[in-house]
Amino acid sequence: YGSRFVYSNAESDPLIAKLREELYCQAYESIDWDKTRHLVAPMDNYSPIPTFMKFAQNCLSIYENWTFFRPIKNAMRKAGLEFCLEYMRAEDLQTNYIDIGPVNKALNMVSAFHAANHDINDVAVRSHMMRVPDYLWIAEDGMKMQGYNGSQCWDTSFAIQAVWECGMLDKFPLLSSKVWAYLERCQILSTETSRSSPAFKYESCDNRDKFYRHVSKGGWPFSTSAHGWPISDCTGEGLKGVLALMDSPIVMKAVKKGILKNIEPSRLYDAVNVILTLQNEDGGWATYENNRGFGWYEELNPSEVFGDIMIDYSYVECSMASMTALVEFHEKFPNHRTREIKFAIHRGKEFMKSIQREDGSWYGSWACCFCYGCWFGIEGLIKAGESPSSPAIQKCCEFLLSHQRENGGWGEDFTSCYDKDYAAHGMQSYGDGGSGVVNTAWALMALSAAKCKDVEAIKRGVKYLMKRQLDCGDWPQEGISGVFNRACGITYTAYRNVFPIWALGRCAATYGCVLDRD
């Protein structure tokens, strides 16, 4: 933001003195701060800052501190701060003061406080403060700040697809009805309430161009509608959840009677538009936006702890979710943008084949890791029309089978993501004999989607999941299953139940009573 805050009592405040003593490994007064500019703990230095970026930071330090540059610096800073404030205010309104994540949430809030001349009663400041609890989470060991304001829509979309594939939508009518109502409510800028909010005016072409925002209307978020940021895979999974629920006579009857709100076809068309416009030139899909740059931008990566963050790359997960949503939508609405959808599916399929690794696997960028990527890879290709007997599918099946553990399960931990290589010891620390229920479920879903002929391997995996189920019906919480930008773990507590249910249902439907034979 570029405005310095100075605490006048910093040198006399005993709390500050204690904090300095606790935080630093040497006397605070002895630290030469210029020499620490590029100092990073080795364990945190996942993506070392490139030489050019270090040079640029040194130049910026000179620009910042030399009095010779002060007149031009002050003029440029004033214009820069005005632009920053306008940009931040736009995102605040687009996201109902939640913002895209907790880091810029905190920065936007402090900046709004500064811009309001420290007026705690300013509307923007108070609106920010009211949204802080969205990120707070009380864990067993105290208060935590989440990396997002939740994964509600993402988890719900997966859960209802699991119920649908198990053929149990109408066996749990209250669950299905509630999910329909939630997904209807959650579609971004698509309800009467959201269209009457300040966020809606930013959907105009002029505002989207000005603030570098992709089209939002019709998308689904990772968390809640109020968050306001649509994502390609979340839109795909949300759309698939709605399409699945359209197969429920009970839900459709409730919609017809007016008990549940209708999701008109036009709203599904909006979702398809979001997906189609998010497809990149390489045929794949990224997350929040199209690929807007080049790989060499990584030379400007200022973050030591995250890799590959300077542009939004195409991922196997986002590509599968988007592509399969188009496939399922086309099955129900074959006359809507037919040629565009078929061409997008074809391009997505070719992209996914192009990023398959030599060993047959796909690297999972958003979870741990290869089992996850392989599920997305196989499922995407199969639904796009690839034959289960194709070399790409068979090679991935062979990869998965080669990593099945003695107890019948599969397991990986965070090291798979960090090292980009399958974890040698599986889920050693927080699993069961190196296996984990979530990794096992992903592997079984991939293999059964490919109609793997190694029935014994499938049976062993199914038995492992059944053995690990607790008496209450739950599955145990094991190691962290999610990841962000290679080096940051994400806990998805719903995964331990959603994916085993889904995998067991798919295996039962695919292999039937063969699984019961000894």
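**Exercise 1. Helix H4 and the residues after it**

Determine which residue with a positive phi follows H4 in this predicted model, and examine the helix itself.

*Solution.* Step 1. The residue that follows H4 is Asn117, and its phi is positive, near 55 degrees.

Step 2. Another positive phi occurs at His118, with a value near 65 degrees in a residue other than glycine. His118 is placed in the loop between H4 and H5. Its relative accessibility is 44%, so His118 counts as partly exposed.

Step 3. Helix H4 covers residues 102-115, which makes 14 residues. At 1.5 Å a residue the expected span is 20 Å, and the end C-alpha atoms are 20 Å apart, so the two values agree.

Step 4. The buried residues of H4 are Pro102, Asn104, Lys105, Asn108, Ser111 and Ala112. An α-helix has 3.6 residues a turn, so residues three or four places apart point the same way. The cover over the buried residues of H4 includes helix H3 (70-94), helix H5 (123-131) and strand E2 (142-145).

**Exercise 2. Helix H1**

Decide whether helix H1 lies largely in the open or is largely buried, and describe the contact at its start.

*Solution.* Step 1. Helix H1 consists of ten residues, 14-23. The number of these that are buried is one, so H1 lies largely in the open.

Step 2. At the start of H1, the backbone nitrogen of Leu15 has a side-chain oxygen of Asp13 within 2.9 Å.

**Exercise 3. Three salt bridges**

Describe the salt bridges of Arg20, Glu165 and Asp432, with the partner of each residue.

*Solution.* Step 1. The count of salt bridges in the model is 24.

Step 2. Arg20 pairs with Glu11, and their closest N and O atoms are 3.2 Å apart. Buried means under 20% relative accessible area. Arg20, at 16%, is therefore buried, whereas Glu11 has 67% relative accessibility and counts as exposed.

Step 3. Glu165 forms a salt bridge with Arg506, with 2.6 Å between the closest N and O atoms. Glu165 belongs to helix H6 (residues 152-165) and Arg506 to helix H20 (residues 495-511), so the pair ties together parts that are 341 residues apart in sequence. Glu165 counts as partly exposed at 25% relative accessibility, while Arg506 is buried, with a relative accessible area of 6%. Both residues also belong to a network of salt bridges that links Glu165, Glu328, Glu379, Lys383 and Arg506.

Step 4. Asp432 meets Arg468 in a salt bridge of 4.0 Å, N to O. This pair links distant parts of the chain, 36 residues apart: Asp432 is in the loop between helix H17 (414-419) and helix H18 (437-449), and Arg468 is in helix H19 (residues 455-468). With 23% relative accessibility, Asp432 counts as partly exposed.

**Exercise 4. Backbone features in two further loops**

Locate the cis peptide bond from Cys368 to Cys369, and describe the phi and the setting of Asp308.

*Solution.* Step 1. The peptide bond from Cys368 to Cys369 is cis, and its omega is near -25 degrees. Cys369 is found in the loop between helix H14 (338-354) and helix H15 (370-383).

Step 2. Asp308 has a positive phi, near 55 degrees, in a residue other than glycine. The loop that holds Asp308 runs between helix H12 (265-278) and helix H13 (316-332). The relative accessible area of Asp308 is 27%, so this residue is partly exposed.

Conventions. Residues numbered from 1 in each chain as written. Predicted model: local features only at pLDDT ≥ 70, side-chain atom pairs only at ≥ 80, totals over all residues. Heavy atoms only, no water. Buried < 20%, exposed > 50% of the residue type's maximum accessible area, 1.4 Å probe, protein only. Helix = DSSP H or I, 4+ residues; strand = E, 2+ residues; numbered from the N terminus. Polar contact = N/O pair within 3.5 Å; in protein donor to acceptor, adjacent residues only side chain to side chain. Salt bridge = Lys/Arg side-chain N within 4 Å of Asp/Glu carboxyl O. Expected span 1.5 Å × (residues − 1). Contact = heavy atoms within 4.5 Å.
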